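Biologist: I'd like to go through this model with you and ask how each label was earned. Can you put it on the screen?

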Amino acid sequence: MMLQSPEARTALDERRDAYDERLRSLVDRLPASLPDSVRLEEQGPFWLGWYHTPPWPIKRDIHGLREAGEALFGHQWQTALAGALGLSDARRVRQWLSGERRIPDGIWGDVKRLLKERANKAVAVSEGLDTAPASADAKR
């Protein structure tokens, strides 16, 4: 049996409570007229529409900044995020991550806007793939 510190047990309990709350919110979002089965071709949109949510709330802290940065720009995200935020270089982002400087509250609105823009672009590209004819290169 693994021994855990009181702080670790508290953190686990908090995470479990957040997970339970998230699960309750997912169940509450299910439609009352949920069908007994979902046709195979409709399963992707069904699950993406009703179930695809982050496993826990994203906080406005260094962990949330890291998660948003990686979602936007991949593993090498700091310089790209700094540029997208209009910063001269990535030192400021690294200062936020190290705790040397506080993350300004105004950054979160910009980060959210960038995430929405990226999501909208991804949806547009995805929908474009559905309607685009195959190119000659694709047949090779």
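**Labels and the numbers behind them**

Modeller: Here we go. This is a predicted model, and the protein chain averages a pLDDT of 80, with 77% of the residues scoring at least 70.

Biologist: Which helix has the lowest mean pLDDT, and which the highest?

Modeller: Helix α2, residues 40-50, has the lowest mean at 61. Helix α4, residues 78-84, has the highest at 96.

Biologist: And what is the overall pattern along the sequence?

Modeller: It reads α-α-α-α-α-α, with 6 helices and 0 strands. Of the 140 residues, 15% count as buried. The accessible surface comes to about 11300 Å², and 55% of that belongs to carbon and sulfur atoms.

Biologist: Which residues have the most contacts inside the largest nonpolar core?

Modeller: Leu65, Leu81, Leu85 and Trp96, in a core of 16 residues. The elements giving two or more residues to this core are α3 (62-73), α4, α5 (91-98) and α6 (105-131). Helix α6 gives the most, with 4 residues.

Biologist: What does Trp96 touch, leaving aside its neighbours within four places in sequence?

Modeller: Its contacts are Ile62, Leu65, Leu85, Leu87, Arg101, Arg102, Ile103, Pro104 and Ile107.

Biologist: Why is Tyr19 called partly exposed?

Modeller: Its relative accessible area is 47%. Buried would need under 20% and exposed over 50%, so a value in between is called partly exposed. Tyr19 lies in helix α1, residues 6-29. Together with Leu23, Val27 and Leu30, Tyr19 forms a nonpolar patch on the surface, with about 360 Å² of accessible area for the group.

Biologist: On to charges. How many salt bridges does the structure hold?

Modeller: There are 3. In general, side chains of opposite charge can pair when their charged atoms come close.

Biologist: What makes Arg91 and Asp89 a salt bridge?

Modeller: The N to O distance between their side chains is 2.7 Å. The cut-off is within 4 Å, so the pair qualifies.

Biologist: Why is Arg91 called exposed, and why is Asp89 called partly exposed?

Modeller: Arg91 has a relative accessible area of 53%, and exposed means over 50%, so the label fits. Asp89 has 29%, which falls between the 20% and 50% limits and is therefore partly exposed.

Biologist: How do you know that Asp105 and Arg102 form a salt bridge?

Modeller: Their closest N and O atoms are 3.9 Å apart. The limit is within 4 Å, so this pair counts too. As for accessibility, Asp105 is at 56% and Arg102 is at 60%. Exposed means over 50%, so both get that label.

Biologist: That leaves Arg113 and Glu117. What separates them along helix α6?

Modeller: They are 4 residues apart in helix α6, so about one helical turn lies between them. Their closest N and O atoms are 3.2 Å apart, and the cut-off of within 4 Å is met, so the salt bridge label holds.

Biologist: Why are Arg113 and Glu117 called partly exposed?

Modeller: Arg113 has a relative accessible area of 38%, and Glu117 has 43%. Both values sit between 20% and 50%, so both residues are partly exposed.

Biologist: One last thing: what share of the contacts between residues at least 6 apart in sequence join residues at least 24 apart?

Modeller: That share is 48%.

Conventions
Residues are numbered from 1 along each chain as its sequence is written. Side-chain values use heavy atoms; hydrogens and water are left out. pLDDT is the predictor's confidence in each residue, from 0 to 100. A nonpolar core is a set of buried Ala, Val, Leu, Ile, Met, Phe, Trp, Tyr and Cys residues joined through side-chain atoms within 4.5 Å. Buried means under 20% relative accessible area, exposed over 50%, partly exposed in between (1.4 Å probe, protein chains only). Contact means heavy atoms within 4.5 Å. Patches are made of residues with over 30% relative accessible area and no salt bridge: like charges are joined within 9 Å, nonpolar side chains (Val, Leu, Ile, Met, Phe, Trp, Tyr) within 5 Å. Accessible areas come from the Shrake-Rupley method with a 1.4 Å probe; for residues, only the protein chains shown count as cover.
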